[in-house]
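Here is a short tour of a structure, written for someone who likes to check the geometry along the way. Have the viewer open and follow along.

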Amino acid sequence: MSGEREFLEAAKISELEKGRMRSVKLKGIDVLTANVDGRFYALDDRCGHMNALLSMGTLRGKIVTCPFHFGVRRYRKRED
Ligand code: FES
């Protein structure tokens, strides 16, 4: 791994209203994007339990609930 980062456009800011999330496929990977109180987040859209699309679940604050078995994931700001 080279350590270099690559940035890809996942969505336009205007396409994602506050409190909403959506799925986009980037380089074959399902990515969940969300607008949480004007902050934008992206994470793997696949649930680690049985691979459900998390973007089909619900978003409350920074918590995404999986639509299949209600597992939860929390958005965190990456500190680096
Ligand atoms: S598939 Fe997400 S909690 Fe089971």
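## Starting from Ala34

Let us begin with a single residue and its surroundings. Leaving aside residues up to four places away in sequence, Ala34 is in contact with Met21, Tyr41, Leu59 and Tyr75. One of these, Tyr41, is also the bridge partner of Ala34 in β3.

Ala34 belongs to the largest nonpolar core as well, a set of 7 residues. Its other members are Met21, Leu32, Cys47, Leu54, Val64 and Cys66. Met21 therefore appears twice in this picture, as a contact of Ala34 and as a fellow core residue. In soluble globular proteins, nonpolar side chains tend to be buried together.

## The model as a whole

This is a predicted model, so a word on confidence is in order. The mean pLDDT of the protein is 89, and 92% of the residues reach 70 or more. Strand β1 (residues 21–26) has the highest confidence, with a mean of 96, whereas β6 has the lowest, with a mean of 83. Where pLDDT is low, the predicted coordinates should not be read in detail.

The protein has 6 strands and 0 helices, and along the sequence the pattern reads β-β-β-β-β-β. With a radius of gyration of 13 Å, close to the 12 Å from the globule rule for 80 residues, the protein is as compact as a globular protein of that length. The C-alpha trace spans about 35 × 30 × 25 Å along its principal axes. Of the 80 residues, 14% are buried. Taking contacts between residues at least 6 apart in sequence, 18% join residues at least 24 apart.

## The β2–β3 hairpin

How do β2 and β3 pair? Strand β2 (residues 29–36) and strand β3 (residues 39–44) are antiparallel, and 6 bridges connect them. The two strands form a hairpin with 2 residues between them. The Ala34–Tyr41 pair is a bridge of this hairpin, with Tyr41 on the β3 side.

Asp37 sits in the loop between β2 and β3. Its phi is positive, near 55 degrees, in a residue other than glycine. Is Asp37 buried or exposed? Asp37 counts as exposed because it has 8 C-beta neighbours inside 10 Å, and the cut-off for exposed is 12 or fewer.

## The β4-β5-β6 sheet

An open sheet is built from 3 strands in the order β4-β5-β6, with antiparallel pairing. β4 (58–60) and β6 (72–74) are the edge strands, each pairing on one side only. On average, neighbouring strands of this sheet are turned by 25 degrees against each other, direction ignored.

Between β4 and strand β5 (residues 63–65) there are 3 bridges, and the two run antiparallel. Here Leu59 stands opposite Val64 in β5. Both names have come up before: Leu59 touches Ala34, and Val64 is part of the largest nonpolar core.

## A second positive phi

Which residue in the loop between β5 and β6 deserves a look? Phe70 lies there, and its phi is positive, about 65 degrees, although it is not a glycine. Phe70 counts as exposed because 10 C-beta neighbours lie inside 10 Å.

Notes. Residues are numbered from 1 along each chain as its sequence is written. Two strands pair if DSSP finds at least two bridges between them. Helices (H or I, at least four residues) and strands (E, at least two) are DSSP runs, numbered from the N terminus. Axes are lines fitted to C-alpha atoms, for helices over the stretch in contact, and angles run from 0 to 180 degrees between N-to-C directions. A residue is buried if 20 or more other C-beta atoms lie within 10 Å of its own, exposed if 12 or fewer, and partly exposed in between; C-beta atoms are placed from the backbone. A nonpolar core is a set of buried Ala, Val, Leu, Ile, Met, Phe, Trp, Tyr and Cys residues joined through C-beta atoms within 7 Å. Two residues are in contact if their C-beta atoms, placed from the backbone, lie within 7 Å. The radius of gyration is taken over C-alpha atoms; the globule rule is 2.2 Å times the number of residues to the power 0.38. pLDDT is the predictor's confidence in each residue, from 0 to 100.
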